[in-house]
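User: I am new to this structure and would like a close look at a single part of it. Please take the aromatic rings and what surrounds them, and explain each step with care.

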Amino acid sequence: MNKKKALGSLAAAAAAVLALSACGNGGSAEAGKGEINYWLWDANQLPAYKQCADDFHKANPDITVKVTQRGWDDYWGTLTNGFVAGTAPDVFTDHLAKYPEFVKNKQILALDDAVKKDNIDTGAYNSGLADLWVGQDGKRYGLPKDWDTIALFYNKKLAADAGVTPEQMASLTWNPQDGGTYEKTIAHLTVDKNGKRGDEPGFDKDNVAVYGLGLNGSGSGQGQTEWSYLTGTTGWTHTDKNPWGTHFNYDDPKFQQSIDWFAGLAQKGYMPKLETTVGASMADTFAAGKSVINAHGSWMIGQYTGYKDIQVGIAPTPTGVNGKRSSMYNGLADSIYAGTKKPEAAVKWVEYLGSAACQDVVASKAVVFPAIKSSADKAVDAFKAKGVDVTPFSQQVKDGTTFLFPIADKAAKVDGIMKPAMDAVVSGKAPASSLTQANDQVNALFK
Amino acid sequence: MTTLTRNATAAERTLGRPVRRRGQSDMKVALFFIAPAMIGFIVFYLVPTLRGIYLSFTEYSILGDPTWIGTANYEAIGKDPLFWNALAVTTQYVLINIVLQTALALGLALLMHRVAKSTLIRGTLLLPYLMANVIAALLWFWLLDYQIGIVNYFIDALGMPKVAFFGSEEWAIPTQALINTWRHMGYTALLIFAGLQAIPGHVYEVANLDGASPWQTFRKITMPLLRPVLALVLIVTIIGSFQVFDTVAVTTQGGPVNASRVLQFYIYQKAFTESDFGYGSALAVILFVILALVAFIQMKFLKGNESDLD
């Protein structure tokens, strides 16, 4: 670690020297051409963006883009090291949970001038996506590239065996008191070692062979794929306002009641215990036929539909307390590193990434939903051509039943408090009312 | 000091003449030989340590400049339940790891010394140690997985309830302590084995002639003569054990809840995940002090710098 840092600062010093000499020769001409570095974390999207980079180079022969993919786990640490050493990529895929800190530390560039100068129409993006990237200072720090929502993946064969039809799956209801038809269906899909279903007398909840609902984790403070699609229907919101909330609402009885219901599924034997989910991923245990329904994000479509010999259906999340569906709506964007030597070239590339030309290419690969409306429709068609109906994901955006990923300062610290607190509740070690104390700790961060 | 004098007299005896007094000219040569180690020590240990101590009195998010806040970090740590939890969890880990590891390693070393003379068998004992820590952790992470691990498959086949080795609060730390015991046992045994070989054979012959039982020989001869080596081994392994990180980082990441949030992982979390390098540095300084105290007490108590072989 230390060695890396020492080397990094050496490199930074060398770069500074180079930059100084470059300035002497008229730096502005250099700022618009040469090689720029671009990072992303999702390997599934690498081919699409490589093609975007090639197309971009054809249109701008004096700029080449080097695309680098790094796994999520290394991505942010390496990026921070790059900021400190001055070697961060010129342009990188940015996340809503991370960018507030980068803005605060002045590590990413505002794009307002470029957007104004080049007449970028932020209305072309799906509603709300562009606004997510406007910081507390009112400046824009990223151009949207894609979005994701939540839906239910289910094992078609196991559902059919239980007599649950796709129509039933598409019209589930939920409430925090008795769980509605969502809980009834989950219970019915659960099978113990003796072949007894979860809603039959004599069901052995301690020896379950197939769980009705899979469990990914406790969800920490966001519950993006775990429980936010349920709590979102109760009128509960994570923070007082979004983006840039400064008060969290984990002490709300509506929320705690919903979480108690969720944790209760594991106690009833309808969902795996949290302790058994450390290790093998939820998707892999789904592929092994050990759970029937998995609530997960649209970025997992490729993985779920890619398992051999498993027929996967996709259903929308259940309608909840307010009679509507609900899904968290998260969007990624591309940001520019403040220390880039080629800001003009970087801006050009970011604008290209945010344009229909590149997003149509991404759409054609059928891996994610691009941010531009027309491109997103093309992605839906591309998925359909592959035999996958993804409307349960896109419908929520069309119907306006989504809510935005909670953006707040100090996300890492909030996570540091909420992860253990939520783990304790979902594992049944503490009641949901214990979250009130965690909520006090979280809110104390903003005082 | 005593050793130095003894070596000098020994040198005098072999050379048959008094050793030349060291002149000023030797200094340059000495520095030349020490330099590589010295530069490494200064650049990679001394400077980071001093900087770490400085940072522990600041608020520092790595981007931007550190601000001096006095002892505020230390005061906050005193009141931080997660720090005390980390200390308890780490101690639990060290106790399980060291007690088992040392006992097993001593047994293995005795077997190597007395029974298994084949280099192949002795070498095999060292195999787990040749594996990278992270690989060993990942290997066992899969073997012990609740859903698809082979160990739980056999447990299930025997009709016993499956165990969430990494997922349950009771098992998370013992499991990781056992994994690292498995990995380090052979290496520790090798160190003790070297100590056993240093015990002169004639001592055992005399004990044998006097009719000492194997147990008496072990207690009255092997253990006392092995003490300096054992003290060294304990100091090194305890320090290593307190610094457990990689196993936790690739498996449970501090969870479930806080059951495996060991001190090193908590430091990492504070500094690198939450960008609170000041707080993380203060935690690291506390760990440094704890380890220095532990090593000092052991040296004192076990008299690791003296030998009974005189």
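Analyst: What follows looks at some aromatic side chains, together with a helix pair in one chain and the overall build of the other.

This is a predicted model, and a search of the whole structure finds 55 aromatic pairs over all chains. One of them joins A:Phe248 and A:Phe446, whose ring centres are 5.9 Å apart and whose planes make an angle of 35°, a geometry that counts as tilted. A:Phe248 belongs to the loop between helix H10 (228-231) and helix H11 (253-267) of chain A, while A:Phe446 belongs to the segment after H19 of chain A, so the pair ties together parts that are 198 residues apart in sequence. With a relative accessible area of 5%, A:Phe248 is buried, because the limit for that class is under 20%.

The helix that precedes the segment of A:Phe446 has a partner of its own: the axes of H18 (residues 411-426) and H19 (residues 435-444) of chain A come within 10 Å and cross at roughly 180°. The two helices are therefore roughly antiparallel to each other. On the side of H18(A) the contact is made by A:Val414, A:Ile417, A:Met418, A:Ala421, A:Met422 and A:Val425, and on the side of H19(A) by A:Leu435, A:Ala438, A:Gln441 and A:Val442. Sorted by class, this contact has nine nonpolar residues, one polar residue and no charged residues.

Elsewhere in chain A, one aromatic cluster is formed by A:Trp39, A:Trp41, A:Trp72, A:Tyr75, A:Trp76, A:Phe83, A:Phe92, A:Phe102 and A:Tyr337.

Chain B has 14 helices and two strands, and 39% of its 310 residues count as buried. Its C-alpha trace spans about 65 × 65 × 30 Å along the principal axes. Among the contacts in chain B with a separation of 6 or more, 64% come from residues 24 or more positions apart.

Within helix H13 (residues 263-273) of chain B, B:Tyr268 and B:Phe272 lie four residues apart, about one turn of the helix, and they form an aromatic pair that is stacked, with 5.6 Å centre to centre and 25° between the planes. B:Tyr268 is partly exposed at a relative accessible area of 36%, and B:Phe272, at 42%, also counts as partly exposed.

Lysines also lie over aromatic faces in chain B: B:Lys270 is placed over the face of B:Tyr279, at 5.3 Å from the ring centre, and B:Lys162 over the face of B:Tyr146, at 4.9 Å from the ring centre.

Conventions:
Residues numbered from 1 in each chain as written. Chains lettered and ligands numbered in written order. Predicted model: local features only at pLDDT ≥ 70, side-chain atom pairs only at ≥ 80, totals over all residues. Heavy atoms only, no water. Axes fitted to C-alpha atoms, helices over the stretch in contact; angles between N-to-C directions. Parallel < 35°, antiparallel > 145°, perpendicular 65-115°, else oblique. Contact = heavy atoms within 4.5 Å. Nonpolar A, V, L, I, M, F, W, Y, C, P; charged D, E, K, R; others polar. Phe/Tyr/Trp six-rings, centres within 6.5 Å; stacked < 30°, edge-to-face > 60°. Buried < 20%, exposed > 50% of the residue type's maximum accessible area, 1.4 Å probe, protein only. Lys NZ or Arg CZ within 6 Å of the ring centre and 35° of its normal.
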